[in-house]
Amino acid sequence: MFKFNAEQKVYQIGNVTIGGQPGQYPTVLMASIFYQGDKLVIDEESGTFDQEGALEWINKIDTMCKSVKLPLMIDIVGSSENAMRAYVEFIGRKTDLPFIIDGTIAKVRIAGVEMAAKLGLHDRAVFDSVNVESREDELKEVKKHGLKATIVMLNNSKKPTAQGRVDIAEELIEKAKTYGFEKLMLDMAVMDSVEPGPAAKAIYMLKDKYGYPAGCSPTHTLITGWKKASLYNKVEVASTKTSIATSLQLLGADFVMYGIKQTEIVPSMAAVDALVAYSCMQHGVRPASHDHPLYHIFK
């Protein structure tokens, strides 16, 4: 393995530590819920959903993650204000997990931020996101509520390469700081089935240059983008997706976004974390604590 040149930033978000050199802290699983097509959602406009079913899935993946010491955050996806308010309140009250406010449009994201602030969940909430299309009025509104953690989305549509992501990073990092954000996590904005390749390279380049925690959602595009997926059975499809996702860890990713119901990702990420940590020990980087998959996934 390798050691990044830049000093690596490490953040505490709720009960999760994120960042650092490879092998120092486990990769964070950001488990997405209430996404488009999620059968837990009953009526998106009114914000009604299967609360019992949602809690079962959250508890299941939380238990799995704890057993191998893989940190967990919940990526809350919402497309209406009512839904986002309901989801944030539910996650905030029913769990102790950090969460990402991942709304489809500005007013939905603001609704989630307002609810998080109302419930006093500033230390657990992450805004998603500051990006090239972010409007000043939205970011000013978010700033009023005092959230300190944000995703910085590096979506360079004009140059969707590893270097293209690096090219826009500095401006967006400074923009995020301007609006009061102190804990920045860089998302490589994967928009196509083959983009996890350049995204992984960009993660390496950005961590080596700036030291911010970095990662992405590597497989969501396969839902519609993998035209030949029907040729394979469920195990073969799941194996392919976990292979793509965990490949990011080999280039230093600090987080991976993945569907909450695809629990195969937990042992896969934990196993790769263990391999990375063992390799890094050979050049002097050790896990920050015993709460690391290296000591729990295989033993």
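## Contacts of Phe 255

Two residues are in contact here when they have heavy atoms within 4.5 Å of each other. The model is predicted, and all the contacts below are computed from it. With neighbours within four places in sequence left aside, Phe 255 is in contact with Ile 18, Thr 27, Val 28, Met 30, Met 185, Leu 186, Asp 187, Pro 213, Ala 214, Gly 215 and Cys 216.

Phe 255 belongs to strand S12, which covers residues 255-259. Its relative accessible area is 0%, so Phe 255 falls under the 20% limit and is buried. Between Phe 255 and Tyr 210 there are 16 Å from C-alpha to C-alpha, for a sequence separation of 45 residues.

## Overall form

The protein contains nine helices and twelve strands. Along the principal axes, its C-alpha atoms fill a box of roughly 50 × 45 × 40 Å. The radius of gyration is 18 Å; a compact globule of 299 residues would have a value near 19 Å, so the protein agrees with that expectation.

Of the 299 residues, 55% are buried. Among contacts with a separation of 6 or more, 71% join residues that are 24 or more positions apart. The protein exposes about 13,300 Å², and carbon and sulfur atoms supply 51% of that area.

## Strand S3 and its partners

Six of the six residues of S3 are buried. In a regular strand, side chains alternate between the two faces of the sheet. In S3, Val 28, Met 30 and Ser 32 lie on one side, while Leu 29, Ala 31 and Ile 33 lie on the other; these residues are all buried, and both faces of the strand are thus covered.

S3 runs parallel to S12, and five bridges join the two strands. Within this pairing, Met 30 has Met 257 of S12 as its bridge partner. S3 also pairs in the parallel sense with strand S6 (residues 72-78), again over five bridges. There, Ser 32 stands opposite Asp 75 of S6. Val 28 and Met 30 of S3 are also among the residues in contact with Phe 255.

## Aromatic pairs and a charge over a ring

The structure holds nine aromatic pairs. One of them joins Phe 2 and Phe 4 in an edge-to-face arrangement, with 5.2 Å centre to centre and 65° between the planes. Both Phe 2 and Phe 4 are buried. Phe 34 and Phe 49 form another edge-to-face pair, at 5.0 Å centre to centre and with 65° between the planes. This pair links distant parts of the chain, 15 residues apart: Phe 34 is in the loop between strand S3 (28-33) and strand S4 (41-43), and Phe 49 is in strand S5 (residues 48-49).

Phe 34 has a relative accessibility of 2% and therefore counts as buried. Phe 49, with a relative accessible area of 8%, is also buried. Phe 34 and Phe 49 join Tyr 87 and Phe 90 in one aromatic cluster. Elsewhere, Lys 9 lies over the face of Tyr 212, at 4.4 Å from the ring centre.

## Surroundings of Tyr 204

Tyr 204 lies in helix H6, which spans residues 196-209. Its relative accessibility is 30%, so Tyr 204 counts as partly exposed. Not counting residues up to four places away in sequence, Tyr 204 touches Phe 2, Phe 4 and Leu 251. Phe 2 and Phe 4 are the residues of the edge-to-face pair at 5.2 Å. Tyr 204 and Gly 164 are 40 residues apart along the chain, and their C-alpha atoms are separated by 14 Å.

## Backbone features

Most residues other than glycine have a negative phi, and most peptide bonds are trans. The peptide bond from Asp 128 to Ser 129 is cis, with omega near 15°. Ser 129 is located in strand S8 (residues 125-130).

Phe 34, in the loop between S3 and S4, has a positive phi near 65°. Lys 69 likewise is not a glycine and has a positive phi of about 65°. Lys 69 is found in the loop between helix H1 (51-68) and S6. With 29% relative accessibility, Lys 69 counts as partly exposed, whereas Phe 34 counts as buried at 2%.

Note on methods: Residues numbered from 1 in each chain as written. Predicted model: local features only at pLDDT ≥ 70, side-chain atom pairs only at ≥ 80, totals over all residues. Heavy atoms only, no water. Phe/Tyr/Trp six-rings, centres within 6.5 Å; stacked < 30°, edge-to-face > 60°. Buried < 20%, exposed > 50% of the residue type's maximum accessible area, 1.4 Å probe, protein only. Helix = DSSP H or I, 4+ residues; strand = E, 2+ residues; numbered from the N terminus. Lys NZ or Arg CZ within 6 Å of the ring centre and 35° of its normal. Rg over C-alpha atoms; globule rule 2.2 N^0.38 Å. Areas by Shrake-Rupley, 256 points an atom, 1.4 Å probe, with all protein chains shown as cover. Pairing = 2+ DSSP bridges.
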